[in-house]
Amino acid sequence: MTGTRTRRPVPDRARKRAIRALAAQLGVSYSVAARLIADEHRAWIFAAREQRTFHARVTDTRLAVDLPLGRAAHLVRRFPPMRAFGPLYTGEARETVLGVLFAVILHESPELLPPADELAWAAELGEESAVDITCAAVDRAARLLLDGDRWRLWARVDAALASWESGSDRRLRDAAITLGRVLRSTSLRASVDGARQILDAVLVEPYEGDPPGARIVVDDRTRTVTGVRWEHTGPPTGYDVR
């Protein structure tokens, strides 16, 4: 659904103040706080993550730069299912969906992967936002795969995994075996939207846009963002709402 966004009415000022207060408390952006305040369970999880020690943060960011499997696992932990205004970010196989998307990009477009020393440097900062910026090209390319032909996508997944399984890189071979095992035993259909919403949330953050789950006003009615539209470069071009 599309429409014209308008300014929120005066009665919504209290909510906006609460969002700003939560953002200040957690040290996060307004858009992240808006998503959290709508779901107490997710807010609790996010607050707990914010209390991690520096060592724990670095451990997480090291995982986040380990493509394809590590980053997939990191993002799923970081964006749990949303109960309020949902379901959003759901699906038991979200990690596998993200893993195979990253596998296709690394196989078909390895030039998008930042140099190893750049990834390592970003990881040692212990800041997820630094890793997100470093991995933005890979994340966006993975997200755009979901806008294309789904049947052709799975053929590309098979090609990537087959290439890795027969290759000489042990790390990629092990990743292909792991992903292939799950693909043969699990249906991914119910997890595709959840994986897409995770990538939308990661990509929209630097632009201070509205992630899936955010409540916005469209044509004088409050709606929930369910997806973000992207081109190959630049900020979001639109939102899907309900």
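Reader: Which residues have the most contacts inside the largest nonpolar core?
Author: In this predicted model, local features need pLDDT of at least 70 and side-chain atom pairs 80 or more, while totals for chains, interfaces and linings use all residues. Residues are numbered from 1 along each chain as its sequence is written, and side-chain values use heavy atoms, without hydrogens or water. The largest nonpolar core (buried Ala, Val, Leu, Ile, Met, Phe, Trp, Tyr and Cys joined through side-chain atoms within 4.5 Å; buried is under 20% relative accessible area, 1.4 Å probe, protein chains only) has 38 residues. Those with the most contacts inside this core are L75, L98, L101 and F102.

Reader: Which helix gives the most to this core?
Author: Helices α5 (69-78), α6 (94-108), α9 (136-145), α10 (150-165), α11 (170-185) and α12 each supply at least two of its residues (helices are DSSP runs of H or I, at least four residues; strands are E, at least two). With nine residues, the helix that gives the most is α6.

Reader: How many residues are in the second, separate core?
Author: This second core includes L203, V218, V228 and Y239. L203 falls within α12 (residues 192-204), V218 within β1 (215-218) and V228 within β2 (residues 221-229). The size of this core is 11 residues.

Reader: Which strands stand at the edges of the open sheet of three strands, and why?
Author: The sheet has the order β1-β2-β3, with antiparallel pairing (at least two DSSP bridges). Strands β2 and β3 pair over four bridges, and R229 stands opposite G238 in β3. Each edge strand has a single partner, so one side is left without a neighbour in the sheet; these strands are β1 (215-218) and β3 (238-241).

Methods. Contact = heavy atoms within 4.5 Å. Axes fitted to C-alpha atoms, helices over the stretch in contact; angles between N-to-C directions. Buried < 20%, exposed > 50% of the residue type's maximum accessible area, 1.4 Å probe, protein only.
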